[in-house]
Amino acid sequence: MAVDNRKADATLESLHRIFTVPEAPESTLGLIEQKISQNLNEFLGTHIAAREKPLIEIEKDFSSAEIPENPSFVSDHTQFLLTKLVAQSVHTSAPSFIGHMTSALPYFLMPLSKIMIGLNQNLVKIETSKAFTPLERQVLGMMHNLIFNEETSFYQQWMHSADHSLGAFCSGGTIANITALWVARNNVLKPDGEFKGVANEGLFRAMKHYGYDDLAILVSERGHYSLKKAADVLGIGRDCLIPIKTDDNNRIRVDDLTATLQSLKEKNIKPFAIIGVAGTTETGNIDPLDELADIAQAHDCHFHVDAAWGGATLMSNKYRSLLKGIERADSITIDAHKQLYVPMGAGMVIFKNPALMTSIEHHAEYILRKGSKDLGSHTLEGSRSGMAMLLFASLNIISRQGYEMLINNSIDKAKHFANMVKQDPDFELVTEPELCLLTYRYVPAETQQALTIANAEDKHLLHDALNDLTKFIQKRQRESGKSFVSRTRLTPEKWDHKITTVFRVVLANPLTTDNILQDVLIEQKELAKESVHSLPRLFTLTKRILANN
Ligand SMILES: *Cc1c(COP(=O)(O)O)cnc(C)c1O
């Protein structure tokens, strides 16, 4: 590193300078801004990732626990950030980064996000956010409308009503899920006569008052781990989030749900919420929401739909019927930072009934006064940024039709990729895409043949070798930096519910082309050959099995 003799001083004058708006574009900060934009665009526009530097090496650049005693020049520090941080970050916008739900962003969000940072509004109360508050309420109204499609008069009546709320904007699906279940819990243990409700008296007294031995929340075994956190923080306990079996398409088994409800009742356990998953995180499948709505109604349960990832599908007239029944939910989680292409920190929970959220309302004297329109009175989080503005901008700029095109293209692309996988004799499609998510693995043609004739013990050995190989290929592919798919473990019926490691692909980036997808498969085949353990083991096994039969 070049020796730099310039030294920054901690003076009040220099501190004032960093809080002052830079006047000219050629001012130092103006130039730094240009440089950052240029560098970012290079990073985002060119190759996928820097050759992977081991995390342990990167940690050396972030090893000191001392708060710097003296200031740095912004330009110097920017240089550090560009070389040590940006260059070693993950290029989630790359068209060949097809492994996660975090995807590319439209470029217009970069300049617009300056409005959010620059104004630094705090949505907890009107006093620090003014117009941002009605904007956020409008965004929640739009999402409510997308799901429930109520009359215009409904939105005129409730959207900006001080004592009602169509939902809450929050940092993500986790907080949204917690909020939904918080409302559900407070409603099932609501004030009753002398009893002042669980919100005031706590779970112990609530259980005593209502005479339940326990509470339960039901969700399929594919439910997101955030639900466990919710059960934990709400005092329900993780063990009381009851996993329901899934069918071969990763959808909740209604027969198992009904049987579980019956056995809970016999044990004097109150199931108070049933959760449908609309787009499982691992495979993108959707629970039969209509049937779940019927069951929730029959058992007097709150019906929550976790559509954190899949909810954006409602933008598509072509595919929205996949989520049929969602309009019967009491609450829905949707992440804008997934398929609505907004930067992270944008989750929402929407409530069908505008009065439902009153069960979690909190008031404080200096802010959040009763009857005020402060959003903070019914959000779990306190201070919050004006992130809703970026979703508002995207909804206006992209529009419903634009989102439909994005969603449709993603699903069609996933179907197309699934066909590519199926047509290649050396790959096996593990889960068909329902939305734009699919899983598959590399299984050489002869091994596929061997799997059909192997005895149970040999099958076991083959799957073990395949699992190692899939893991090897996935890691190598990530390290080589050209493309990225993720991996997960499933238990497909086809393979006797044996743990099966698979590649997981999410096709949300509109710039991902057929050629890129083809290259991903070609690269995976090439990388397989580099495996000095799993592949030879697999071939030896395969040969033996084929020879013996
Ligand atoms: C992503 C996701 C969540 C969690 O959302 P965060 O924004 O990561 O907190 C919850 N449920 C499902 C189904 C998800 O896909």
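Colleague: Why is K471 called partly exposed?

Modeller: In this predicted model, K471 has a relative accessible area of 39%, and since the label buried is kept for values under 20% and exposed for values over 50%, K471 falls in between and is therefore called partly exposed. The residue lies in helix α15.

Colleague: What makes K471, K475, R487 and R489 a patch of positive charge?

Modeller: Lys and Arg count as positive, and like charges are joined into a patch within 9 Å, provided that each residue has over 30% relative accessible area and no salt bridge. K471, K475, R487 and R489 gather on the surface in such a patch, to which α15 (456-480) and β10 (486-490) each supply at least two residues.

Colleague: How do you know whether H144 is buried or exposed?

Modeller: The relative accessible area of H144 is 0%, and because buried means under 20%, H144 is buried. H144 lies in helix α6, which covers residues 132-148.

Colleague: Why is F19 called exposed?

Modeller: With a relative accessible area of 72%, set against the cut-off of over 50%, F19 is therefore exposed. F19 is found in the loop between α1 and α2 (28-45), and F19 is one of the residues of a nonpolar surface patch that also includes L12, L15, I18, L29 and V74 and has about 610 Å² of accessible area together. Helix α1 (residues 12-18) gives the most to this nonpolar patch, with three residues.

Colleague: How do you know that R251 forms a salt bridge with E434?

Modeller: The closest N and O atoms of R251 and E434 are 3.2 Å apart, and because a salt bridge requires a side-chain nitrogen of Lys or Arg within 4 Å of a carboxyl oxygen of Asp or Glu, the pair qualifies as a salt bridge. R251 lies in the loop between β3 (241-244) and α11 (254-266), while E434 lies in the loop between β8 (427-431) and β9 (437-442), so the pair ties together parts that are 183 residues apart in sequence.

Colleague: Why do R251 and E434 carry the labels partly exposed and buried?

Modeller: R251 has 24% relative accessibility and counts as partly exposed, whereas E434 has 16% and, because this is under 20%, counts as buried.

Colleague: What makes E530 and R476 a salt bridge?

Modeller: Their closest N and O atoms are 2.6 Å apart, and because the cut-off is within 4 Å, E530 and R476 form a salt bridge. E530 lies in the loop between α16 (514-529) and α17 (534-548), and R476 lies in helix α15, so the pair ties together parts that are 54 residues apart in sequence. At 41% for E530 and 31% for R476, both residues are partly exposed.

Colleague: How many salt bridges are there by this rule, and which residues are linked in a network of salt bridges?

Modeller: The count comes to 26 salt bridges, and D290, D294, K324 and R328 are linked in a network.

Terms used. Residues numbered from 1 in each chain as written. Predicted model: local features only at pLDDT ≥ 70, side-chain atom pairs only at ≥ 80, totals over all residues. Heavy atoms only, no water. Patch = residues over 30% accessible without salt bridge, like charges linked within 9 Å, V, L, I, M, F, W, Y side chains within 5 Å. Areas by Shrake-Rupley, 256 points an atom, 1.4 Å probe, with all protein chains shown as cover. Charge placed at Lys NZ, Arg CZ, Asp CG, Glu CD. Helix = DSSP H or I, 4+ residues; strand = E, 2+ residues; numbered from the N terminus. Buried < 20%, exposed > 50% of the residue type's maximum accessible area, 1.4 Å probe, protein only.
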